[in-house]
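Q: Hi! I've got this one open on my screen and would like to talk it through. Can we go piece by piece?

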Amino acid sequence: MAHINKEFVSFFRDLGKNNNTEWFNDNRKRYETHVKKPFASLVEDVIARIQKVDPSVKIKPADAITRINKDIRFAKDKTPYNTYVGAVISSAGKKDKSVPGLYLQLSHDKSLIFGGAYVLDPVQLKKVGSRIAADLGGFSKLYKDKTFREYFKEIKGEQAKRLDAEWQKVAGKEPMIANKQFYFNTKLKASDMLSDDFVDTVVAHYKTALPLN
């Protein structure tokens, strides 16, 4: 049975046109009924399925789901709400976004699924680079895997302008050693999240991302 329905789509389409506190408060019941509860149920089912292939993911939906309220303190766009819902599904959930896992984001017009590592501090980045350098063939095999390419196509990430001397030679064989992020994503149609097998789709993406994660 599908968790998400057309009322979810309708809410976010309307929010995009009325992104203010007064409208949101007037439509809070719509949000609670057609967005918050169904998305939490979806995430709960996804986590339960993922735990069977990755027992380290012991989180609950509340540990994964991000707030719909935006942090507008330093933003140019002062509209108060995100026009999507998101969940960080990993062993750490949303409290530590450096831990590789899966990020699911649903809005009225698309579904996005991300994997890999996006937020890395210098120590973590050094560890990732060292792991790649120690097994260039293994790393290459993972991102060239046919199923990975079908689901995510490629690894993305901004590259450092300066590279440690020990990795400069490695970069000739594997340019991604210079990456500051290692993430991959796919965009699905909005209609996909309305299907009965959307949980299957999300879990299949997690399984495909797991070796690289």
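A: Happy to, and keep in mind that this is a predicted model. A good place to begin is a hairpin formed by β2 and β3, with three residues between the two strands.

Q: How many bridges join β2 to β3, and which way do they run?
A: Six bridges join them, and the strands run antiparallel. One contact point to look at is L106, whose bridge partner in β3 is S111.

Q: And what does β1 do with β2?
A: Strand β1, residues 85-89, pairs with β2 in the antiparallel sense over five bridges. There, I89 has L102 of β2 as its bridge partner.

Q: Is β2 mostly covered or mostly open?
A: Mostly covered: five of the six residues in β2 (101-106) are buried.

Q: Let's move to the core. How many residues are in the largest nonpolar one?
A: It has 53 residues, and those with the most contacts inside it are F8, F39, L42, I89, L104, L106 and I155. In soluble globular proteins, nonpolar side chains tend to be buried together.

Q: Which helix gives the most to that core?
A: Helix α3, residues 28-50, with eight residues.

Q: What is F8 in contact with, leaving aside its neighbours in sequence?
A: Setting aside residues within four places in sequence, F8 is in contact with H34, V35, V85, L106, S107 and M193. F8 also belongs to a cluster linked by ring pairs, together with F11, F12, W23, F24, Y31 and Y81.

Q: Nice, rings! How many aromatic pairs are there?
A: The count comes to 15. One of them is Y118 with Y183: the ring centres are 5.3 Å apart and the planes are at 80 degrees, so this pair is edge-to-face.

Q: Why does that pair tie together parts apart in sequence?
A: Because Y118 lies in the loop between β3 (110-117) and α5 (122-134) while Y183 is in strand β4 (182-189), the pair ties together parts that are 65 residues apart in sequence. As for Y183, at 21% relative accessibility this residue counts as partly exposed, since buried means under 20%.

Q: What about F148 and F184, how are their rings placed?
A: Their centres are 5.0 Å apart with planes at 80 degrees, so that pair is edge-to-face too. It links distant parts of the chain, with F148 in helix α7 (residues 146-151) and F184 in strand β4, 36 residues apart.

Q: Are those two buried or exposed?
A: F148 is buried, with a relative accessible area of 1%, and F184 is buried at 2%.

Q: What sits over the ring of W167?
A: The charged end of K126, 5.0 Å from the ring centre.

Q: Last topic, helix α9. What length should it span, and what do its end C-alpha atoms give?
A: Its 12 residues (198-209) should span 16 Å at 1.5 Å a residue, and the end C-alpha atoms are 17 Å apart, which agrees.

Q: Which residues of α9 are buried?
A: F198, V199, V202, V203, H205, Y206, T208 and A209. The buried residues of α9 pack against α3, β1, β2, β3, α7 and β4.

Q: Can you pick out V203 for me? What is it in contact with?
A: Sure: V203 has 2% relative accessibility, so this residue counts as buried. Leaving aside neighbours within four places in sequence, V203 is in contact with V46, R49 and I50.

Q: And how far is V203 from Y103?
A: They are 100 residues apart in sequence and 12 Å apart in space, C-alpha to C-alpha.

Key
Residues numbered from 1 in each chain as written. Predicted model: local features only at pLDDT ≥ 70, side-chain atom pairs only at ≥ 80, totals over all residues. Heavy atoms only, no water. Core = buried A, V, L, I, M, F, W, Y, C linked by side-chain atoms within 4.5 Å. Buried < 20%, exposed > 50% of the residue type's maximum accessible area, 1.4 Å probe, protein only. Helix = DSSP H or I, 4+ residues; strand = E, 2+ residues; numbered from the N terminus. Contact = heavy atoms within 4.5 Å. Phe/Tyr/Trp six-rings, centres within 6.5 Å; stacked < 30°, edge-to-face > 60°. Lys NZ or Arg CZ within 6 Å of the ring centre and 35° of its normal. Pairing = 2+ DSSP bridges. Expected span 1.5 Å × (residues − 1).
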